[in-house]
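Got your viewer open? Let's take a walk through this one together, one selection at a time.

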Amino acid sequence: MTFMSFKNARIVRSGWLDEGGRRLDCNPYMSGALEARDTLQKLKARKDALCTLTSGYSGGIYNGPVFARAWVDDPRFGVPFLSNSEMLSADLTTLPLLQRRYAESKKLAHLKLMRGTTLITCSGTIGRMTLVRPDMEGMWSSQHIMKVVPDPERVPPGYLYAFLSSRYGVPLVVSGTYGAIIQHIEPKHIEGLPVPRLSPSLEAEVHALIVEAADRRAAAAADLKRAQSLLLDAIGQPSGPPGNNSVQARQTRIVALSDIQRSMRMEGNFYNPTATHVEKWARSSPNCIELGVVADVYDVPPFKHIYVDEGHGIPFFTSGELFDIDRVANKFLAKGRTVNLHKYVLQRDWVLLARSGQLGGIIGRPQYADSALDGAATSDHVIRLVPKGIPGGYLFAYLYSSSIGYPLLTRCATGHSIPALWPSQLNSLPVVLAAPEVMKTISRVVVDAFENRVQATALEHKARQVLEQAIEKMGG
């Protein structure tokens, strides 16, 4: 076996060992931080320390204190709370609510997000980043997310975010990682990070691309909200379940034997009052039809994943990656070595459901197949819904509804350890149709929302590309 046969092998200069206090762990040398630093040192441009470009609480670079969570259910008394695991999710409408009075206390007030701030995961998986968009303003974030608040008088916020998330910035950020089991970085590890200052026109160009991307993501969130309003205006929505809604009443329920014989289901969750009430409401509509009539609902068999380099296969997404803010594949399936590959390839306008997961997570949350997924493949943990005679965007909006689709879908889950959905159970799910023109309108709004996300990803990629090419051109 030779050195070249190790894919991730790297030559470490003896000088790097001296500079790093003779650390012998891999992190400082394998992350690319030293190469990035050397490149920036050669760059014939001014470099400013990160801490000189930020302002606000604790100098503008901070994470937060460790604190106990106090959750509430009523939006009037809570604020959306962003954790590091949800930071890169495309949909932030299901965030838990932190008690507002607690959030606005002196201890936690500084964790409120402001537009233009760069967020960096600083615990667990280090170095994942996003920019606070207009639709994220007013949320609170956990102590596991580091906040970098730019001073707009000193640096364009979009430019700073583009640099930190570039192939030069990310290695420098993660190079200070410490900890063997759960890794961390602290503000002091990045406050001296050198930020190259390029021409004002180039920084403005990069900033504009990032801002446009953020605005498109915010517009997508607003469009999905608008689609829900149009849907509920068209078909109405069920009121809350009648009768006693106390905890004891929700935990204890009498189910008729005829209901069990009809559904052949014995799980308590299937008969929860909310879902039972929604189904009764849906089936009472003259425009109700079963899901199996308006869509082909099917799953695909497990298969061996044979990955190849980009350019030699088709993009592959896991069920969890379908929910990410950027639909950019990290893995590629071998075209010629994947048996029955055509079964796993997606098409635009399909609706996708994560087959398994914990209730309250991704299970029961549909995804729409936009242009980024057209021709890509996804796993056998995803159920495909291929619309027949109705627009896919409408079907997505109906299933996406928190008051209709979500309770109907999650009641169908089976299993206690890892609940799962099955096409045979979903075929009979009631779907209330709107007038054809209304369904087309709702679908167009959904399609526009998802395409805005696709465009936003492309704009961020272009911004980083412009910045990185400029650094290379200037002698990096």
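Which residue in strand 18 stands opposite phenylalanine 316? Select phenylalanine 316 and look across: the residue facing it in strand 18 is alanine 377. Bear in mind as you go that this is a predicted model.

**Stop 1: the sheet**

Now widen the selection to residues 313-317, which make up strand 14. Strand 14 runs parallel to strand 18, and 2 bridges join them. Both belong to an open sheet of 4 strands with mixed pairing, in the order 13-15-14-18. Colour strand 13 (307-308) and strand 18 (377-378) to see the edges, where each strand pairs on one side only.

**Stop 2: the rings**

Next, show the aromatic side chains; the whole structure holds 13 aromatic pairs. Pick phenylalanine 67 and tyrosine 102: their ring centres are 6.1 Å apart and their planes meet at 75°, over the 60 degrees needed, so this pair counts as edge-to-face. The pair ties together distant parts of the chain, 35 residues apart. Phenylalanine 67 sits in the loop between strand 2 (61-62) and strand 3 (71-72), while tyrosine 102 is in helix 4 (residues 100-103).

Add Trp71 and Phe81 to the selection, and you have a cluster linked by ring pairs: Phe67, Trp71, Phe81 and Tyr102. Is phenylalanine 67 buried or exposed? Its relative accessible area is 7%, under the 20% cut-off, so phenylalanine 67 is buried.

While you're here, select arginine 69. Its charged end sits over the ring of phenylalanine 67, 4.4 Å from the ring's centre. For another charge over a ring, jump to arginine 411, whose charged end is 3.9 Å from the centre of the ring of phenylalanine 270.

**Stop 3: the largest pocket**

Select Leu88, Ser89, Asp324, Ile325 and Asp326, the lining residues nearest the centre of the largest pocket. This pocket has a volume of about 1400 Å³, and 46 residues line it. By class, the lining has 20 nonpolar, 13 polar and 13 charged residues. Which helix gives the most to this lining? Highlight helix 15 (436-473): it supplies 8 residues, the most to the lining.

**Stop 4: the second largest pocket**

Last selection: Asp91, Thr93, Ala221, Lys225 and Tyr400, the closest to the centre of the second largest pocket among the 28 residues lining it. About 700 Å³ of space lies there. Helix 7 (200-235) and helix 12 (392-400) each supply at least two lining residues, with helix 7 giving the most, 9 residues. The lining here divides into 13 nonpolar, 8 polar and 7 charged residues.

Definitions and conventions
Residues are numbered from 1 along each chain as its sequence is written. This is a predicted model: local features need pLDDT of at least 70, side-chain atom pairs count only at pLDDT 80 or more; totals for chains, interfaces and linings use all residues. Side-chain values use heavy atoms; hydrogens and water are left out. On a 1 Å grid over the protein atoms alone, a cavity is a set of points where a 1.4 Å probe fits but cannot get out, and a pocket is an open set with protein on both sides within 12 Å along at least five of seven lines; lining residues have an atom within 4 Å of a point. Grid points are joined across faces, edges and corners, and a volume is the space filled by probe spheres set on the points. Ala, Val, Leu, Ile, Met, Phe, Trp, Tyr, Cys and Pro count as nonpolar, Asp, Glu, Lys and Arg as charged, and the others, Gly among them, as polar. Two strands pair if DSSP finds at least two bridges between them. Rings of Phe, Tyr and Trp (its six-membered ring) pair if their centres lie within 6.5 Å; planes under 30 degrees apart count as stacked, over 60 as edge-to-face and the rest as tilted. Buried means under 20% relative accessible area, exposed over 50%, partly exposed in between (1.4 Å probe, protein chains only). A charge sits over a ring if NZ of Lys or CZ of Arg is within 6 Å of the ring centre and within 35 degrees of the ring normal.
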